[in-house]
Every structure is written in structure tokens, then in C-alpha cells.
Amino acid sequence: MNVKTSIDIINPANGEVIDTVPIASQKKVELAAAIVRKAALQCRSLSRFQRSEILAKTAKLIALEKDQFAKLITKESGKTITQSSAEVERCINTFQLAAEETKRHVGEVIPFDSYAGSENRQGYFTREPLGVIVAITPFNDPLNLVAHKLAPAIATGNSILLKPSELAPLSALKLEEVIVRAGFPKNAIAVLTGDAITGHALVTLPYVRMVSFTGGMATAEAIVKAGGLKKYSMDLGGNAPVIVLADCDLEQAVAACISGSFWAAGQNCIGTQRIIIEEEIYAQFKRKLLEKIKLMKIGDPLDPTVDMGPMISEQAAKAAQLKVDLAVKAGAKVLCGHRRDGAFYQPTVLENVGSDAQILSDEVFAPIVNLITVKNFAQAIAIANEPDFSLHAGIFTNNLAKAQKAAAELEFSGVMINDSSDYRFDAMPFGGYKYGGLGREGVKFAMQEMSQSKVVCFTG
């Protein structure tokens with residue numbers, strides 16, 4: 001039997017092979033990991049100043065090559081060049097934030113004398129590296145989601161094994177080269193391209209101290225079962241709702257919901273999947289939404305005038321089409337879209353979707369959004385909270401009391417007031433509620449996850 005040893009990287013917009021990468025075998029993983037493990041002590045010995053300088057220089061080098069990075073993202077993932085350029089800018093910011101946080105990532109004095117019998121003790125705790133960290137990243141933000149794992153790991157003095165998405169690994173490989181050029185030890189980072197077998201080989205390494213993963217829940221469960229007793233940080237997706245109340249700025253809500261639903265062809269864990277609208281403005285909102293969607297330009301993602309490119313693959317587009325077909329058979333109505341051409345799947349809006357429909361309850365990860373009408377604010381909150389996993393939610397209202405009540409009652413890790421669910425600032429804590437994830441990303445918060453405390457106590 002022939003064993004596959006390489007992966008063709010396909011441009012989803014035209015089906016062309018843009019590169020070929022090797023599949024890292026078990027042996028190659030073990031050899032690379034042994035080198036990275038040995039380098040962990042070297043990473044630990046880097047001063048905060050040195051780590052900060054490496055991260056700051058990485059940001060500068062990315063900025064010098066931002067056009068090349070943006071084109072690479074577009075070719076391997078299908079994101080529009082405008083969206084790819086925005087991702088590169090965010091990546092630069094992620095490294096800049098890490099450079100700054102490195103100098104602030106410290107422990108504190110412990111008040112031992114606050115406990116009877118410890119009056120003669122004094123001391124402190126520090127933040128120490130974990131050692132070797134495995135990072136596994138998805139295709140939808142192939143540069144910045146990698147940065148959100150590598151930058152905090154470098155900042156905290158760890159060595160790193162990275163497996164990027166097999167569908168879009170090229171940005172990660174280029175980023176590795178830039179990080180090494182910026183001064184990070186070459187033997188302290190390894191990007192291993194491959195498939196699920198490569199990932200399994202990485203997470204089962206006994207001396208890996210942490211696995212940082214972004215992806216689906218089924219894969220996450222497999223990682224935990226295979227990896228055993230390790231630290232895990234996981235972003236496992238969402239099913240983001242946006243509530244639109246009658247008192248809101250309707251034009252603002254429509255524009256934000258379109259961006260939230262169709263950014264990156266809907267392949268976004270905080271992308272808007274459910275729009276929950278008060279019934280008195282439902283018809284008006286729907287009309288305005290459909291009018292705006294008709295103006296969207298779908299096509300070559302390298303064209304700066306294009307609003308949405310293809311999905312990551314024809315297979316992904318077919319899967320999205322099938323989900324809608326099943327929903328329609330169960331009674332849902334297609335308001336626009338539901339047309340496929342290769343990997344291109346038109347922006348699709350549904351209504352009258354049954355409450356038990358898979359397309360409503362699961363993360364769809366496609367340019368598909370469901371419209372839901374409700375009688376009042378309380379019903380909107382209840383419907384928004386139905387899924388067992390969540391990341392972000394949004395609400396449009398000009399009523400401060402309702403905005404505050406939504407912020408308190410929505411079971412999500414982020415609540416965006418007068419914006420769609422699709423907003424993330426790289427310095428904020430980011431992660432899931434319920435089954436939506438473990439731990440938090442966001443540079444400062446990821447640094448906490450990727451480090452451990454050490455207490456030093458003096459007596460006498």
C-alpha cells in the first residue's frame with residue numbers, strides 16, 4: 001500500500017496547486033521534538049528583554065513583508081485580499097502586544113506575615129515557562145491564529161511545536177522563518193506540516209507540557225483522549241447570535257450583520273450564524289438585509305473590489321449546500337443564495353428553520369445565516385442561550401438598560417453591544433463558555449495559560 005508523504009496546497013479560488021508540503025511522519029515528529037525539547041532550557045534562559053526584542057523585531061519584519069503575507073493568505077485560504085491584509089495587520093499587533101506584555105509578565109510579593117506563625121517569613125512568586133508547547137491551528141486565520149499561539153509561547157520562555165492546518169500551512173511556514181530571522185533560536189521552534197496522524201504523534205509526546213488547539217469539538221476530544229495528562233487550552237467554536245431590537249439603528253445593524261455573517265465566507269468561529277429579530281421590525285430588517293446582500297461582489301479574492309471569495313475547498317462548499325438542502329426539506333425557506341460553483345457558495349439567508357435543525361443548532365462554518373423572529377427581549381435572550389457551546393454574541397439596541405441586562409444574561413464569553421458577534425481585539429481575553437472551549441487566548445491571558453507559578457519563601 002502506498003503511504004501518502006505529501007500534501008498539495010490548493011488555491012480554492014481556481015483549483016491550482018500553489019505548493020506541496022511534506023507529511024511529517026512519526027519518526028520526523030520525534031526527531032524534531034527531541035531538538036525542540038533540548039532547546040527548552042535555552043528559551044527559559046532568555047531574559048524578558050531578549051524575548052521582547054525578538055517579538056518586536058518579528059512585528060517589524062512582518063510589516064516589511066505584509067503584502068507578501070496577505071497574498072499568501074488569500075491564495076491558500078480564499079480570503080479576500082482586503083480581509084487578508086487586515087489579518088496581517090492584526091498579526092503585527094499580536095506580536096507587538098506580546099513584546100509589551102513580556103516585560104509585565106511577573107509575579108508578586110506574598111504577604112506571609114498575614115498568617116499567624118509566618119511573621120518571620122517573606123517571599124514572592126514568579127511566572128515560569130512550562131517547557132514544550134504543542135500548537136495546532138485551523139485554516140480560517142492561517143497567520144494570526146498561529147501568532148496567538150507562538151507569540152505568547154515565546155514571551156513566556158517556552159519552546160514550540162506547531163502543526164498548522166493541512167489546508168493552509170504556508171503562512172505559518174513563512175512566519176516561522178521570520179521569527180527565526182528576528183533572533184528566536186532556530187532549534188526552539190518546529191513547524192510540522194501534515195495530517196491528523198501528525199497531530200496525534202505530537203499530542204502524545206510524553207514531555208509536552210501543554211497543547212493549545214483551535215478547531216472542532218470532536219477533534220478536541222480525540223486530542224485529550226490521546227494526549228492524556230497535559231495542560232490544554234482550546235477554542236472549540238461557537239454558534240453566534242446577534243439580537244436586533246426594535247429600538248436600534250437598523251442601518252447599522254444590517255451592515256454589521258452582513259459583515260459578521262459573511263466575513264471569510266462565513267468560516268469564522270465568532271461569525272454570526274443566528275440573527276434574532278423583534279417581530280415589529282422583522283420585515284423591514286429582512287428587506288434591507290437582502291437588498292445589501294444583492295450588492296455584494298463574489299469572485300476572485302485577489303480583486304480588492306470583491307466582498308467574498310470561495311470557501312476553503314469544494315468539499316466544504318458541498319457540505320454547506322447539503323446542510324441547507326436538509327433544512328429546506330424540513331421546511332426552511334431560502335431567501336437568497338444557496339448556489340454553488342466549485343468552492344464558491346453564495347451568501348445564503350434562511351428563515352422558518354426548525355428549532356431542532358442541525359443548521360441552527362451546530363456550528364455551520366459557512367456563509368449561511370438564519371433569521372429568527374421573536375416577540376420580545378426575554379425570548380431573544382432565551383433563544384440566544386440555547387446552544388451548549390458559545391463564544392460571542394451581539395445585540396443592537398439604544399436602550400442602555402437592555403444592553404446591560406443582555407451583557408449580564410447572555411451566556412457567552414464576549415457580548416458586543418451595537419456590533420455583530422464578529423469582533424475581536426487581540427489583547428482581550430478570548431475563549432468559550434460551556435463546551436465552547438478551555439482556557440483563554442488573547443496575548444496577556446494566553447501568557448498566563450502558558451506559564452506556571454513558582455513560590456520562593458525566606459525564613460528568618
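**Exercises on two cavities and one sheet**

In this predicted model, the second largest cavity is lined by H148, K149, M210, S212, S233, R440, E441, A446, E449 and M450.

**Exercise 1.** Determine which elements give two or more residues to the lining of the second largest cavity, and how the residues of that lining divide by character.

*Solution.* Start from the lining residues, which include H148, M210 and A446. The elements that contribute two or more residues are helix 5 (144-155), strand 8 (208-214) and helix 15 (443-449). Sorting the lining by character then gives three nonpolar, three polar and four charged residues, around a volume of about 40 Å³.

**Exercise 2.** Describe the largest cavity by its volume, its lining and the character of its lining residues.

*Solution.* With a threshold of 30 Å³ or more, the count is two cavities, and the largest of them holds about 70 Å³ of space. Its lining comprises 14 residues, of which G266, N268, G271, Q273 and V364 are the closest to the centre. Helix 9 (250-262) and strand 11 (272-278) are the elements that each supply two or more lining residues. By character, the lining of the largest cavity divides into five nonpolar, eight polar and one charged.

**Exercise 3.** Explain why strand 3 and strand 22 are each left without a neighbour on one side in the open sheet of order 3-4-22.

*Solution.* The three strands pair in the antiparallel sense. Strand 3 (108-110) and strand 22 (451-459) stand at the edges with a single partner strand each, so one side of each has no neighbour in the sheet. Neighbouring strands are turned by 30 degrees against each other on average, direction ignored. Strand 4 (residues 121-129) pairs with strand 22 over nine bridges, and F125 has V455 of strand 22 as its bridge partner.

Notes: Residues numbered from 1 in each chain as written. Predicted model: local features only at pLDDT ≥ 70, side-chain atom pairs only at ≥ 80, totals over all residues. Heavy atoms only, no water. Pairing = 2+ DSSP bridges. Helix = DSSP H or I, 4+ residues; strand = E, 2+ residues; numbered from the N terminus. Axes fitted to C-alpha atoms, helices over the stretch in contact; angles between N-to-C directions. 1 Å grid on protein atoms, 1.4 Å probe; cavity = no way out; pocket = protein on both sides within 12 Å on 5 of 7 lines; lining within 4 Å. Points joined across faces, edges and corners; volume = space filled by probe spheres on them. Nonpolar A, V, L, I, M, F, W, Y, C, P; charged D, E, K, R; others polar.
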